[in-house]
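Trainee: Could you take one part of this structure and walk me through it closely? I'd like to hear what it packs against and how its surroundings fit together.

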Amino acid sequence: SPGVTAASLSTNGPFAGSGSRANFEAEGYLRGPEERPVAELEWVTRQYFPVVGLRLVEGRPFDATDVENGRRVAIINETMARRYFANRAIGRRWGFASARGDESFEGIGVVEDVHYSSRVLRLGESVNMAYLPGARDSRFLQSLEVRIDGDAAVLANAIVVWRMMPSKS
């Protein structure tokens with residue numbers, strides 16, 4: 001569409017906050033007996049970070065082989081990297097508390113923290129965020145993000161009409 005310079009899809013979008021969360025275990029992290037680490041989860045397409053303006057501070061972004069081959073990789077935020085991996089998250093593994101070892105995710109990147117208004121803790125700390133690669137055709141990717149060059153109001157009407165049109169499947 002004219003005016004759109006980039007687009008991505010995500011589960012919930014950058015302003016909605018994550019709708020999924022899970023307890024996890026991190027490789028090399030010894031948690032306290034009552035500690036239950038929780039991560040907010042967001043499935044995103046490859047262009048998500050540049051479209052929403054989230055800066056990759058370490059590692060690499062998702063690539064086509066991550067999605068096509070169903071690789072178990074993740075990009076986490078700085079808070080999660082600092083808390084559970086002593087800022088050395090690349091190549092380290094983490095997984096859902098109920099997962100087996102072969103169901104864990106490898107950290108390939110770290111992005112800057114973003115403060116979702118509905119997900120900021122009482123003390124003002126960021127939550128643990130984990131971004132997972134989402135296939136473009138997934139029905140779970142319901143949020144459309146666009147980066148535009150032009151009049152946002154005109155383009156917003158076009159996008160709303162496009163999203164309301166029934167799919168042909």
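Mentor: Let's take helix 3, residues 78-85, where Thr 79, Met 80, Ala 81, Tyr 84 and Phe 85 are buried. Buried here means under 20% relative accessible area, exposed means over 50%, and partly exposed is in between, with a 1.4 Å probe and protein chains only. Helices are DSSP runs of H or I with at least four residues, strands are E runs of at least two, and both are numbered from the N terminus. Keep in mind that this is a predicted model: local features need pLDDT of at least 70, side-chain atom pairs count only at pLDDT 80 or more, and totals for chains, interfaces and linings use all residues. Residues are numbered from 1 along each chain as its sequence is written, and side-chain values use heavy atoms, leaving out hydrogens and water.

So what sits on top of those buried residues? The cover includes strand 2 (20-26), strand 3 (38-44), strand 5 (73-77), strand 6 (93-96), strand 7 (105-111) and strand 8 (129-133). Right after helix 3 comes Ala 86, with a positive phi near 50 degrees.

Now the core. The largest nonpolar core has 17 residues, and Phe 24, Ile 76, Met 80, Phe 85 and Trp 94 touch the most other members. Such a core is a set of buried Ala, Val, Leu, Ile, Met, Phe, Trp, Tyr and Cys residues joined through side-chain atoms within 4.5 Å. At least two residues each come from strand 2, strand 3, strand 5, helix 3, strand 7 and strand 8. Helix 3 gives this core its largest share, four residues.

Phe 24 is worth a stop. Leaving aside residues up to four places away in sequence, its contacts (heavy atoms within 4.5 Å) include Met 80 and Tyr 84, along with Pro 37, Val 38, Trp 94 and Phe 96.

Then there are the rings. The whole structure holds ten aromatic pairs. Rings of Phe, Tyr and Trp (its six-membered ring) pair if their centres lie within 6.5 Å; planes under 30 degrees apart are stacked, over 60 edge-to-face, and the rest tilted. Tyr 84 has an edge-to-face partner in Tyr 29, at 4.8 Å centre to centre with 75 degrees between the planes. Tyr 29 is in the loop between strand 2 and strand 3 and Tyr 84 is in helix 3, 55 residues apart, so the pair links distant parts of the chain. Tyr 84 is buried at 9% relative accessible area, while Tyr 29 is partly exposed at 24%. Both belong to one aromatic cluster with Phe 24, Trp 94, Phe 96 and Phe 105. Over the face of Phe 105 lies Arg 72, 4.3 Å from the ring centre; a charge sits over a ring if NZ of Lys or CZ of Arg is within 6 Å of the centre and within 35 degrees of the ring normal.

For the wider setting, the protein chain has four helices and nine strands, in the order β-β-β-α-β-α-β-α-β-β-β-β-α. Buried residues make up 35% of its 169 residues. Among contacts with a separation of 6 or more, 72% are between residues 24 or more positions apart.
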